[in-house]
Amino acid sequence: MPDGVVQLLPTGFDPERFTPRPGDLAVMQSGDLLLRAGAGFDDWATLLARRVQRADLATASVDLSRGIALLEVKGRAVEASDGHAHGSANPHWWLDPVNAKTAVASIAAALLAADPAREAVLSARLDAFNASLNAGLARWSAALAPYANQPVLAYHNSFPYLARRFRLDIAATVELREGVSPGPARLAEIADIARSKHVRLLLVEQADPGQLTPALTRAAALTPVALPSNGEAPGETYVAMMDALVARLADAFAKVGA
Ligand SMILES: [Zn+2]
């Protein structure tokens with residue numbers, strides 16, 4: 001097994017449709033630390049740790065959603081029926097870059113606890129990440145400022161954290177339940193909302209654009225914008241992902257004349 005970080009979720013794959021592969025068992029056997037998004041997004045990781053009888057790994061697992069003010073908190077644990085439903089809260093927290101800072105601080109704390117001798121290097125890298133993220137935040141805020149309060153639609157409920165940080169107005173979410181395609185009645189409702197609120201853009205996840213987007217976009221004259229919300233390029237950094245996402249969104253707003 002290689003040193004360093006082994007990524008369990010394949011790049012470009014819809015994380016909410018992921019089920020572990022046989023090779024992932026070997027990874028779980030040999031890993032020292034398990035980093036997860038939490039909030040019901042990757043409950044499969046708990047099952048996998050249990051399957052390889054790694055109680056120690058469950059203990060050494062860092063739920064990166066801890067310490068983040070989650071949205072749409074349900075106040076109880078929710079079992080994902082098909083691996084897609086949102087769990088105890090909306091799990092797409094990393095689309096607010098300020099939350100990413102909290103998560104990276106949690107990673108640094110876990111690495112430091114595992115290897116205190118590396119404190120100087122960890123602290124230098126954390127500072128470098130935060131500096132790069134702060135510069136990014138200024139850049140992304142400036143790029144999206146002209147489109148504050150512009151109404152948009154979202155296919156999946158992936159963007160409430162992004163919307164809150166950059167003041168986007170999500171007029172409605174097409175999916176009423178995560179992973180369940182909208183029926184004709186919902187499509188008609190969405191077309192009505194799009195017309196009455198003058199919505200031009202439909203935000204979709206690049207990894208999972210939804211099944212009825214063409215019908216929807218025809219009915220409501222919407223332009224779909226595929227956002228790389230989970231990182232779509234191997235080895236891509238978080239800041240590069242956000243740069244790509246914000247550039248695509250700002251470009252789409254500009255093209256529809258928002
Ligand atoms: Zn989701």
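The questions and answers below concern the sheet, the helices and the nonpolar cores of a predicted model.

Residues are numbered from 1 along each chain as its sequence is written. In this predicted model local features need pLDDT of at least 70 and side-chain atom pairs count only at pLDDT 80 or more, while totals for chains, interfaces and linings use all residues; side-chain values use heavy atoms, with hydrogens and water left out.

User: What is the order of the four strands in the open sheet?
Analyst: Strands are DSSP E runs of at least two residues and helices are H or I runs of at least four, numbered from the N terminus; two strands pair if DSSP finds at least two bridges between them. Strand 4 (169–173) and strand 6 (223–227) are the edge strands, each pairing on one side only. The pairing is parallel, and the order is 4-3-5-6.

User: Which residue of strand 4 stands opposite P151?
Analyst: Strand 3 (residues 151–154) pairs with strand 4 in the parallel sense over four bridges. Opposite P151 stands D169.

User: Which helix gives the largest share of the largest nonpolar core?
Analyst: A nonpolar core is a set of buried (under 20% relative accessible area, 1.4 Å probe, protein chains only) Ala, Val, Leu, Ile, Met, Phe, Trp, Tyr and Cys residues joined through side-chain atoms within 4.5 Å. The largest has 40 residues, and M242 and L249 are among those with the most contacts inside it. Ten residues, the largest share, come from helix 9.

User: Which residues does L249 contact, leaving aside neighbours within four places in sequence?
Analyst: Contact means heavy atoms within 4.5 Å. With those neighbours set aside, L249 touches L144, L162, L168, L203 and L227.

Conventions: Buried means under 20% relative accessible area, exposed over 50%, partly exposed in between (1.4 Å probe, protein chains only).
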